[in-house]
Amino acid sequence: MKKAIYPGSFDPVTFGHLDVIERAAAMFDELTVSVLNNVAKSSLFSVEERVNILKEATKDLENVKVDSFSGLLIDYAASRDIHVAIRGLRAITDFEYELQTAQTNSMLSKGSLDTVFLTTSLEYAYLSSSSVKEIAYFGGDISQCVPDFVKELVYEKYKQIKGK
Ligand code: ADP
């Protein structure tokens, strides 16, 4: 069985991520989308919330699983017998960091974890979770960036934060 993992922060998942997920799911028998529990990065949604959002957003894709992990990607992938990581490339600015990460993972895993890059669909090239959060924080419209139910959750979250 051809398996792959798509790791990321997904804080929150955007149409750009979902496009990568759909395309990767069509290439592999099983795709695990996994939320990285990165203690060094502050996030809007908890890991559990992000997992639940991803589950809802991918519920129609039968071969997509959602999970979370902490620690090194290579250890997590090895524990699940997965040898391909998926990453998305939007622009040249993503490339340097992604190339370095892919090569580091290849070196650390002794070639056991390879990275497959999917270039973004042009209509989502501008999209990032950070810009979605910034727009929503200032009350802007994020309908073109995330599914409707995610939009409501993001607005709700900022309402709670600002109400404190
Ligand atoms: P990170 O894991 O770097 O914190 P994200 O969770 O935002 O970043 O993204 C996970 C992966 O999805 C990364 O490989 C990122 O380049 C990719 N990605 C993010 N937004 C898009 C987009 N609009 N189109 C294609 N790929 C994207």
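These questions and answers go through the largest pocket, the ligand and one loop of a predicted model.

Visitor: Where does the ligand sit?
Guide: The model has a largest pocket with about 1,100 Å³ of space. Of the 44 residues lining this pocket, the closest to its centre are Gly8, Ser9, Lys41, Arg87 and Glu98. A molecule is placed in a pocket if more than half of its atoms lie within 2 Å of the pocket's grid points. By that test, the ligand sits in the largest pocket.

Visitor: Which element supplies the largest share of the lining of the largest pocket?
Guide: Several elements each supply at least two residues of this lining: β1 (3–8), α1 (15–27), β4 (84–89), α4 (92–108), β5 (114–119) and α5 (129–137). The largest share is eight residues, and the element that supplies it is α4.

Visitor: Which element supplies the largest share of the shell around the ligand?
Guide: The ligand is surrounded by 17 residues, and the closest are Tyr6, Ser9, Lys41, Gly88 and Tyr124. In this shell, β1, α1, β4 and α4 each supply at least two residues. The largest share is three residues, from α1.

Visitor: How many residues of the shell around the ligand are charged?
Guide: The lining of the largest pocket divides into 17 nonpolar, 19 polar and eight charged residues. The shell around the ligand has five nonpolar and seven polar residues, and its charged residues number five.

Visitor: Which residue has a backbone N or O atom 2.9 Å from a nitrogen atom of the ligand?
Guide: Two side chains can be set aside, as their partners are oxygen atoms of the ligand. A polar side-chain atom of Tyr6 lies 2.6 Å from one such oxygen, and for an N or O atom in the side chain of Arg87 the distance is 3.1 Å. The backbone atom 2.9 Å from a ligand nitrogen belongs to Tyr124.

Visitor: What share of the ligand's accessible area does the protein cover?
Guide: On its own, the ligand has 550 Å² of accessible area. The part of this area that the protein covers is 91%.

Visitor: Is the peptide bond from Asp11 to Pro12 cis or trans?
Guide: Pro12 lies in the loop between β1 and α1. Most peptide bonds are trans. The bond from Asp11 to Pro12 has omega near 0 degrees, and it is cis.

Visitor: Is the phi of Phe10 positive or negative?
Guide: Phe10 lies in the loop between β1 and α1. Most residues other than glycine have a negative phi. Phe10 is not a glycine, yet its phi is about 50 degrees, which is positive.

Terms used:
Residues are numbered from 1 along each chain as its sequence is written. This is a predicted model: local features need pLDDT of at least 70, side-chain atom pairs count only at pLDDT 80 or more; totals for chains, interfaces and linings use all residues. Side-chain values use heavy atoms; hydrogens and water are left out. On a 1 Å grid over the protein atoms alone, a cavity is a set of points where a 1.4 Å probe fits but cannot get out, and a pocket is an open set with protein on both sides within 12 Å along at least five of seven lines; lining residues have an atom within 4 Å of a point. Grid points are joined across faces, edges and corners, and a volume is the space filled by probe spheres set on the points. Helices (H or I, at least four residues) and strands (E, at least two) are DSSP runs, numbered from the N terminus. Ala, Val, Leu, Ile, Met, Phe, Trp, Tyr, Cys and Pro count as nonpolar, Asp, Glu, Lys and Arg as charged, and the others, Gly among them, as polar. A residue is near a molecule or strand if one of its heavy atoms lies within 4 Å of it. A polar contact is a pair of N or O atoms within 3.5 Å; within protein, one must be able to donate a hydrogen and the other to accept it, and residues adjacent in sequence count only if both atoms are side-chain atoms. Accessible areas come from the Shrake-Rupley method with a 1.4 Å probe; for residues, only the protein chains shown count as cover.
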